[in-house]
Amino acid sequence: MSDRSSLENWIAEELKSRCTASMIAENAPAFGLELTDQASLSKRDWVLHSLARLPTDREVAEIALRVGQHFDAFWLEEAAHKFLEKEWPPIPEISRRDAARCFGYDLVGERDLLQVLNRVFQVGNLPTADIWSVRRDLAIEIHQHMVRNDDWNVEELFEKIGALSCSVHRFGRILEESLDPLCRRGDRQDALVARLNQVLRRDGYEMRLEEEFSGYPIHRFHQVSRGVSGPPKNLIFASVGPKPEIAFRDAINNDIMIRSHQESCLVYDRAIGPGGLLWSELAGWWRERNLGLTEEQARTALGMRLRDSLAPESDAERMLFDSYFKLYSRALGSLLPALVPQVYLHYDPAVVKQLKHREGLLRQRMDFLLLLPNRHRVVLKVDGTQHFSKNGKPSIETYAAMVAADRELRLSGYELFRFGANELVGQGATETIRNFGSVASFAY
């Protein structure tokens with residue numbers, strides 16, 4: 001397993017050998033690298049000095065991945081993926097062999113085998129020796145033993161191309177390619193998915209139906225996570241005034257309408273797919289509502305509008321909101337998940353004081369919500385004294401109600417993280433958020 005120091009040295013070596021100093025400076029923003037003053041440093045030391053200033057190992061690995069992909073440096077891309085996968089469940093060799101045996105002698109069906117392998121493993125760049133000790137390109141060997149003849153099965157192929165030891169990401173990619181509708185369709189595809197999932201789920205992965213193309217199913221490789229059942233349907237958030245009165249326009253389709261106080265909250269009315277909700281998508285939606293704004297103006301205006309919805313007395317909420325964008329917007333770019341504040345989880349149309357036979361729904365709003373891929377929903381809560389006290393005194397009833405509400409959220413598939421308000425004010429607040437983000441799902 002590569003460490004940070006190795007990745008830094010490999011990035012520096014790759015850029016030194018591939019680029020002039022001006023090319024490094026030109027490409028640095030795309031890589032996510034903020035360069036220091038070059039002064040009298042060599043190209044290699046210039047890059048190393050810049051990388052050393054990055055606060056998290058993950059940022060270095062993300063840069064290694066971008067550099068590897070940009071220059072088609074297979075080894076660097078692999079090292080970056082393996083580093084980023086340190087917290088993932090491994091897929092041991094025995095499981096990879098079992099997965100290979102699901103294919104028998106046919107990995108890609110109707111597609112060109114070498115073309116598919118080159119998309120994932122760059123087989124043309126991996127020389128090897130055959131049994132006669134004659135140096136030949138691996139692509140030639142594969143063509144000889146799997147295209148012209150059928151004396152290699154897929155398990156043997158996986159040995160040759162390194163699929164038994166590659167990153168989990170790359171192993172998943174070759175499975176995705178093999179399930180493409182251009183390879184096989186209908187019952188043949190369904191049967192193969194079922195066999196593969198029987199193997200993959202032992203280690204916490206699966207091939208999941210994610211979309212359709214021209215009516216044909218597309219399967220993607222994912223970690224198995226319970227998540228929340230069903231896609232998001234209504235996102236009501238960022239209220240800055242009276243509670244809105246909401247009614248169903250069409251209960252069958254779950255279409256809603258706001259009957260009063262429409263101006264006080266926002267309702268995201270676009271479909272949210274399996275990829276979750278990105279900040280760039282939310283900003284694009286805001287720009288369509290406010291014609292005439294540039295992309296940058298829309299992002300700024302939306303950020304200010306969302307910030308206005310935070311509790312006026314909560315410096316902690318504002319610190320969390322501001323730090324999230326400051327810490328992660330550059331590193332993740334267009335892949336930054338939207339941090340959505342003040343999201344309605346329940347909506348109780350009756351005024352609590354009018355209720356006679358029941359209590360109102362508690363914990364109606366979540367402080368912050370992240371809608372991540374694969375129906376993974378992360379709730380961030382900032383706790384003040386009101387979460388465990390009543391009328392200024394500690395209250396076991398208040399605390400018990402909070403714990404019960406949290407339990408309900410978790411049982412519904414949400415992932416919940418709580419911060420004490422005092423953690424997010426004063427010295428150390430930014431570092432607390434940075435440390436959390438370096439290992440939490442939303443920073444991946």
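**Figure 1. Overview of the protein.** Of the 444 residues in the protein, 47% are buried. The model is predicted. Its chain folds into 16 helices and 14 strands. Contacts between residues at least 6 apart in sequence were also sorted by separation, and 60% of them join residues at least 24 apart. The close-ups that follow take a few of these elements in turn.

**Figure 2. Strand β11, residues 376-383, and its burial.** How many of the eight residues of β11 are buried? Eight of the eight are, so the rest of the structure largely encloses this strand. Look at the side chains next. H376, V378, L380 and V382 point one way from β11. R377, V379, K381 and D383 point the other way. Residues of both sets are buried, and that includes R377, K381 and D383.

**Figure 3. The two neighbours of β11.** Which strands pair with β11? On one side is β10, residues 365-372, joined to β11 by five bridges. These two strands run antiparallel. Another partner of β11 is β14, residues 415-420. Six bridges link β11 to β14, and this pair runs parallel. L380 is a good residue to follow across the strands. In β10, F368 stands opposite L380. In β14, F417 stands opposite L380. V379 of β11 also has a partner, and L369 is its bridge partner.

**Figure 4. Strand β10 between its partners.** Is β10 largely enclosed or open? Seven of its eight residues are buried, so β10 is largely enclosed by the rest of the structure. The strand pairs with β11 through five bridges. It also pairs with β9, over four bridges. Both pairings are antiparallel. One pair to find between β9 and β10 is Y344 opposite R365.

**Figure 5. L345 in the loop after β9.** Strand β9 covers residues 340-344, and L345 lies in the loop between β9 and β10. Is L345 buried, partly exposed or exposed? Its relative accessibility is 30%, so L345 counts as partly exposed. Now compare L345 with L369. They are 24 residues apart in sequence. In space, their C-alpha atoms are 10.0 Å apart. L369 is itself bridged to V379 in β11.

**Figure 6. Q342, a residue with positive phi in a strand.** Where is Q342? It sits in strand β9. Its phi is about 50°, a positive value, although Q342 is not a glycine. The relative accessible area of Q342 is 6%, so this residue is buried. The strand that holds Q342 pairs in the antiparallel sense with β10.

**Figure 7. The β3-β4 hairpin and S214.** Strand β3 spans 205-213 and strand β4 spans 216-223. Eight bridges join the two strands, which run antiparallel. Together they form a hairpin with two residues between them. F213 has Y216 in β4 as its bridge partner. What is the phi of S214? It is near 55°, a positive value in a residue other than glycine. S214 belongs to the turn of the hairpin. Its relative accessible area is 64%, so S214 is exposed. Q342 also has a positive phi, but Q342 is buried.

**Figure 8. Helices α8 and α9 packed together.** Two packed helices are described by an angle and a distance, both taken from their axes. Helix α8 covers residues 138-148, and helix α9 covers residues 154-161. Their packing angle is about 175°, and their axes are 12 Å apart. An angle over 145 degrees counts as roughly antiparallel, so α8 is roughly antiparallel to α9. Which residues of α8 and α9 meet? From α8 come L138, I142 and M146. From α9 come V154, L157, K160 and I161. Six of the residues in this contact are nonpolar, one is charged and none is polar.

**Figure 9. Cysteines C166 and C183.** How many disulfides does the model contain? The count is zero, by the rule that the two cysteine sulfur atoms must lie within 2.5 Å. Two cysteines are shown here. C166 has a relative accessibility of 7%, so C166 counts as buried. C183 has a relative accessible area of 0%, and C183 is buried too. The cut-off for both is the same, since buried means under 20%.

Definitions and conventions: Residues numbered from 1 in each chain as written. Predicted model: local features only at pLDDT ≥ 70, side-chain atom pairs only at ≥ 80, totals over all residues. Heavy atoms only, no water. Buried < 20%, exposed > 50% of the residue type's maximum accessible area, 1.4 Å probe, protein only. Pairing = 2+ DSSP bridges. Axes fitted to C-alpha atoms, helices over the stretch in contact; angles between N-to-C directions. Parallel < 35°, antiparallel > 145°, perpendicular 65-115°, else oblique. Contact = heavy atoms within 4.5 Å. Nonpolar A, V, L, I, M, F, W, Y, C, P; charged D, E, K, R; others polar.
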